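User: I've just loaded this one and would like to go through it with you. Could you take me through the confidence, then the strands, then the charged pairs?

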Amino acid sequence: MNTSTAVTTKQNNIKPANVVVRGSAREFLQDVVSGKHHLRADEPASAGGSDSAPGPYDYLLIALGVCTSMTVGLYARRKQLPLENISVSLWHSRIHAKDCEECETKEGMIDRIDVEVELTGSLTPEQRAKLMEIAGKCPVHRTLTSEINIRLRSVSSSS
């Protein structure tokens, strides 16, 4: 975070951002700072990017997959279940709402995320079922399936 951002943040009594994304208007490639971690994001070449980093939807799937795996692992450790490994595979697509039996929306297109969870270990069918139930309760899953209020505001540039 640069000094002018830190000063503005302190003056407005707003806590520092969890994530800061910076990029040039000339390309899709973005630099991402999350605390002490530095990442990049891009679009695939088919969308006009250079495919040098994961894209926005990749990061969305990463967030859900990581949270699902962490939540299942934490539950298994707490309950001392014989879970050895967790593998979460995810896909994002857009489908016609009319093709989704379990969806409330019936017109237009909707986003679909398919998630497959592979659990290895000497689990009973009951333990496996409970872990799959827990997988659907990870915080990111709950966020994505709840009402989300995104407040977008413009801030003046110092340059």
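User: Which element has the lowest mean pLDDT, and which the highest?

Analyst: Helix α1 (residues 3-11) has the lowest mean pLDDT, 45, and helix α3 (residues 125-135) has the highest, 98; pLDDT is the predictor's confidence in each residue, on a scale from 0 to 100. Helices (H or I, at least four residues) and strands (E, at least two) are DSSP runs numbered from the N terminus. This is a predicted model, in which local features need pLDDT of at least 70 and side-chain atom pairs count only at pLDDT 80 or more, while totals for chains, interfaces and linings use all residues. Residues are numbered from 1 along each chain as its sequence is written, and side-chain values use heavy atoms, with hydrogens and water left out.

User: What about the mean for the protein, and where does pLDDT stay under 50?

Analyst: The mean pLDDT of the protein is 90, with 91% of its residues at 70 or more. It stays under 50 over residues 1-10, for which the model has nine contacts (heavy atoms within 4.5 Å) beyond four places in sequence.

User: On to the strands: in what order do the three of the open sheet run?

Analyst: The order is β1-β2-β3, with antiparallel pairing, where two strands pair if DSSP finds at least two bridges between them. The edge strands, β1 (20-23) and β3 (37-41), each pair on one side only.

User: How many bridges are there between β2 and β3, and what stands opposite V33?

Analyst: Strand β2 (residues 30-34) pairs with β3 in the antiparallel sense over five bridges, and V33 stands opposite H38 in β3.

User: Changing topic, how many salt bridges does a search of the whole structure find?

Analyst: The search finds five, a salt bridge being a side-chain nitrogen of Lys or Arg within 4 Å of a carboxyl oxygen of Asp or Glu. One of them joins D111 to R94, with the closest N and O atoms 3.0 Å apart. This pair links distant parts of the chain, since D111 lies in strand β5 (residues 109-121) and R94 in strand β4 (residues 83-96), 17 residues apart.

User: Are D111 and R94 buried or exposed?

Analyst: Neither, by the cut-offs used here: buried means under 20% relative accessible area, exposed means over 50%, and partly exposed is in between (1.4 Å probe, protein chains only). D111 is partly exposed at 43%, and R94 is partly exposed at 46%.

User: And which residues does K130 link up with in a network?

Analyst: K130, E133 and K137 are linked in a network of salt bridges. K130 meets E133 with the closest N and O atoms 3.3 Å apart, and both lie in helix α3, three residues apart, or about one turn of the helix. E133 also meets K137, at 3.1 Å from N to O. K130 is partly exposed at 30%, as is E133 at 38%, and K137 also has a relative accessible area of 38%.

User: Which residues of α3 are buried, then, and what do they pack against?

Analyst: The buried residues of α3 are L131, I134 and A135. They cover an arc of only 105° around the axis, which puts them on the same side of α3; the arc is that of the directions from the helix axis to the C-beta atoms. These buried residues pack against α2 (56-78), β4, β5 and α4 (139-144).

User: What is exposed on the other side of α3?

Analyst: P125 and E126 are exposed there.
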